Amino acid sequence: MGKVIIAPSVLGCDQGNLAEEALALQIAGADMIHLDVMDGVFVPVLTVGAGIAASIVGRVDIPVDAHLMVQKPANLIKAFADAGCSYITVHAEVTSHLDRLLQQIRTAGSRAGVAVNPSTPVDFLRWVAPAVDLVLIMTVNPGYGGQKHLEYIHDKIPEARRILDSYGGNGALIAVDGGVSETNAEQLRSAGADILVSGSFITGSRDPAAAMEKLR
Ligand code: DX5
Ligand code: ZN
């Protein structure tokens with residue numbers, strides 16, 4: 001396992017100023033920017049589209065992961081890839097054609113991520129392991145920042161790692177998203193998380209640089 005990757009979510013930032021907010025997070029030490037894209041259907045809230053993703057990508061020089069919490073990601077993949085997102089992550093729950101969607105992401109020029117809600121098992125990874133570059137394990141039900149971290153989900157991390165490593169997905173990274181803070185970061189790392197996505201703990205803190213240092 002390599003060095004931990006800290007990926008702040010800009011969900012709690014000034015939504016009219018996301019490119020500058022992302023740049024400030026980069027300067028404060030972020031390794032990656034996590035962009036929560038919500039369609040008001042898969043989750044109740046509506047956030048941003050590919051235009052905002054492009055302006056963030058144009059302002060920072062760390063990778064941007066677009067976490068698509070949308071019911072119909074197929075329609076959006078090309079736009080987010082053209083916007084320059086390094087990773088595009090779709091939810092396993094929204095499609096009967098996950099393999100096709102993941103291929104579509106790579107064909108469009110981004111790395112392919114798959115996210116799983118707390119209630120979604122990870123055994124399906126066996127059948128898409130070589131097509132996956134990132135697995136995003138949700139430790140809250142998606143839709144809002146600042147929710148309580150679901151600790152019992154940690155068991156999915158070694159399970160996902162074992163499946164990926166056994167079936168051709170050994171290069172894929174495991175990310176954890178939802179209520180990540182200094183109280184659970186160490187546990188998440190020892191369970192095998194490569195990327196810690198964190199929103200309110202970082203952007204709600206008075207000193208985001210110090211918060212990211214605590215996560216490391
Ligand atoms: C949840 C989002 C997360 C989350 C992160 O729907 O995908 O990225 O908002 O924020 P915190 O760390 O506050 O849970
Ligand atoms: Zn997210």
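## Close-up views of a predicted model

**View 1. His-91 and Glu-93 meet through their side chains, with a polar contact of 2.8 Å between them.** This is a predicted model, so please read every distance here as computed from predicted coordinates. His-91 has its place in strand E4. With a relative accessible area of 0%, against a limit of under 20% for the term, His-91 counts as buried. Which residues surround His-91, leaving aside its neighbours within four places in sequence? Its contacts are Phe-42, His-67, Leu-68, Met-69, Ala-115, Val-116, Asn-117, Met-138 and Pro-142.

**View 2. Strand E4, residues 87-91, is mostly covered.** Five of its five residues are buried. Looking at the two faces in turn, Tyr-87, Thr-89 and His-91 lie on one side, while Ile-88 and Val-90 lie on the other. Both of these faces are covered.

**View 3. Strand E4 pairs with E3 and is also joined to E5.** E3 spans residues 64-69, and its pairing with E4 is parallel, with four bridges. In this pairing, Asp-65 is found opposite Tyr-87 of E4. Between E3 and E4 the chain passes through helix H3, residues 77-82, in a right-handed β-α-β crossover. E5, residues 111-116, runs parallel to E4 and is joined to it by five bridges. Here Tyr-87 has Arg-111 of E5 opposite it. A right-handed β-α-β unit is formed by E4, helix H4 and E5.

**View 4. Helix H4, residues 98-108, has a buried side and an exposed one.** Which residues of H4 are buried? They are Leu-98, Leu-101, Leu-102 and Ile-105. These residues sit on the same side of H4 because they cover an arc of only 100 degrees around the axis. As a friendly reminder, an α-helix has 3.6 residues a turn, so residues three or four places apart point the same way. Arg-100 and Thr-107, on the other side of H4, are exposed. The cover over the buried residues of H4 includes H3, E4 and E5. If you follow the chain just past the end of H4, you come to Gly-109, which has a positive phi of about 105 degrees.

**View 5. Helix H2, residues 50-59, carries the buried residues Ala-50, Ala-53 and Ile-56.** Why do they share the same side of H2? Their arc around the axis is only 115 degrees, which puts them together on that side. On the face turned away from the buried side, Gly-51 and Gly-58 are exposed. Several elements help to cover the buried residues of H2, including helix H1 (18-27), strand E2 (33-38), E3 and H3.

**View 6. Ligand 1 has 19 residues around it.** Gly-143, Gly-146, Asp-177, Gly-199 and Ser-200 come nearest. For those who like to check the atom pairs, three of the distances to oxygen atoms of the ligand follow.

- Asp-36 places a polar side-chain atom 2.8 Å from an oxygen atom of ligand 1.
- Gly-199 has a backbone N or O atom 2.7 Å from an oxygen atom of ligand 1.
- Ser-200 has an N or O atom in its side chain at 2.6 Å from an oxygen atom of ligand 1.

Terms used:
Residues numbered from 1 in each chain as written. Chains lettered and ligands numbered in written order. Predicted model: local features only at pLDDT ≥ 70, side-chain atom pairs only at ≥ 80, totals over all residues. Heavy atoms only, no water. Buried < 20%, exposed > 50% of the residue type's maximum accessible area, 1.4 Å probe, protein only. Pairing = 2+ DSSP bridges. Right-handed = clockwise from strand over helix to strand, strands pointing away. Arc of directions from axis to C-beta. Contact = heavy atoms within 4.5 Å. Near = heavy atom within 4 Å. Polar contact = N/O pair within 3.5 Å; in protein donor to acceptor, adjacent residues only side chain to side chain.
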